[in-house]
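Reader: I have a structure open and would enjoy talking it through with you. Could we take it residue by residue and then step back to the whole chain?

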Amino acid sequence: EDAIETFAIGQLIKETVEMIQGLGSHQQIQISLEGFENEYYVKGSSTEISQAISNLLTNATQAIRNLQEKWIRISLENSSSDVIIRLTDSGSGIPPE
């Protein structure tokens, strides 16, 4: 079980994006970061959060890899005592059931 710690979420996301980009599967995809001007500290498992971000980036990449317009945007927002992480891509989204 991963230890609970206090860590800088923006820095963790940046490091995860750099790691994913280093694998080469995200070539030709514009990844932009918004709301990273301020650093936010959160309590949790940095390993699990990094893995979740990595999974979302991989899923987004797979969803948009055949599109002409390829972009992923990750935004951070502080909302009272929470930090909201949004990952948006140029795909059409999940179809309704």
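Reader: Let me start with Thr16: is it buried or exposed, and what is its relative accessible area?

Author: Happy to begin there, with the reminder that this is a predicted model. Thr16 is found in helix α1. Buried means under 20% relative accessible area. Thr16 falls under that cut-off and is therefore buried, with a relative accessible area of 2%.

Reader: Which residues is Thr16 in contact with, once its neighbours within four places in sequence are left aside?

Author: Helix α1 covers 9-22, and Thr16 is found in that helix. Leaving aside neighbours within four places in sequence, the contacts of Thr16 are Ser50, Ile53 and Ser54.

Reader: Let's follow that to Ser54. Is Ser54 buried or exposed, and with what relative accessible area?

Author: Ser54 is found in helix α2. With neighbours within four places set aside, Ser54 is in contact with Thr16 and Ile20. The cut-off for buried is under 20% relative accessible area. Ser54 meets it and so counts as buried, its relative accessible area being 11%.

Reader: How far apart are the C-alpha atoms of Ser54 and Val17?

Author: Along the chain, Ser54 and Val17 are 37 residues apart. In space, the separation of their C-alpha atoms is 7.5 Å.

Reader: Now the nonpolar core. Which of its residues touch the most other members?

Author: A general point helps first: in soluble globular proteins, nonpolar side chains tend to be buried together. Here the largest nonpolar core has 18 residues. Those that touch the most other members are Ile9, Ile13, Leu57, Ile72 and Ile74.

Reader: And which element gives the most residues to this core?

Author: At least two residues of the core come from each of α1 (9-22), α2 (46-64) and β4 (71-79). The element that gives the most, with five residues, is α1.

Reader: Could we look at Ile74 next? What is its relative accessible area?

Author: Ile74 lies in strand β4. Its contacts, leaving aside neighbours within four places in sequence, include Ile13, Val17, Leu57, Ile85 and Leu87. Ile74 counts as buried because its relative accessible area is 0%.

Reader: How far apart in space are Ile74 and Ile13, C-alpha to C-alpha?

Author: Both Ile74 and Ile13 are among the core residues that touch the most other members. They are 61 residues apart in sequence. From C-alpha to C-alpha, their separation in space is 8.8 Å.

Reader: Trp71 lies in strand β4 too. Which side chain does the side chain of Trp71 make a polar contact with?

Author: Trp71 is partly exposed, as its relative accessible area is 23%. Not counting residues up to four places away in sequence, Trp71 touches Ile29, Gln30, Ile64, Thr88, Asp89 and Ser90. The polar contact of its side chain, at 2.9 Å, is with the side chain of Glu69.

Reader: On to Ser45. Which backbone nitrogen does its side chain reach?

Author: Ser45 lies in the loop between β3 (41-44) and α2. It counts as buried because its relative accessibility is 7%. Among residues more than four places away in sequence, Ser45 touches Asp2, Ala3, Ile4 and Phe7. At 3.1 Å, its side chain reaches the backbone nitrogen of Glu48.

Reader: What about Ser80: is it buried or exposed, and at what relative accessibility?

Author: Ser80 has its place in the loop between β4 and β5 (82-89). It has a positive phi of about 45° although it is not a glycine. Exposed means over 50% relative accessible area. Ser80 passes that cut-off and so counts as exposed, with a relative accessibility of 70%.

Reader: Stepping back, in what order do the elements of the chain run from the N terminus on?

Author: The chain has two helices and five strands. Its C-alpha trace spans about 40 × 30 × 30 Å along the principal axes. From the N terminus on, the order of the elements is β-α-β-β-α-β-β.

Reader: Last one: among contacts with a separation of 6 or more, what percentage comes from residues 24 or more positions apart?

Author: One pair already discussed, Ile74 and Ile13, is 61 residues apart in sequence. Across the chain, for contacts with a separation of 6 or more, the share from residues 24 or more positions apart is 71%.

Conventions. Residues are numbered from 1 along each chain as its sequence is written. This is a predicted model: local features need pLDDT of at least 70, side-chain atom pairs count only at pLDDT 80 or more; totals for chains, interfaces and linings use all residues. Side-chain values use heavy atoms; hydrogens and water are left out. A nonpolar core is a set of buried Ala, Val, Leu, Ile, Met, Phe, Trp, Tyr and Cys residues joined through side-chain atoms within 4.5 Å. Buried means under 20% relative accessible area, exposed over 50%, partly exposed in between (1.4 Å probe, protein chains only). Helices (H or I, at least four residues) and strands (E, at least two) are DSSP runs, numbered from the N terminus. A polar contact is a pair of N or O atoms within 3.5 Å; within protein, one must be able to donate a hydrogen and the other to accept it, and residues adjacent in sequence count only if both atoms are side-chain atoms. Contact means heavy atoms within 4.5 Å.
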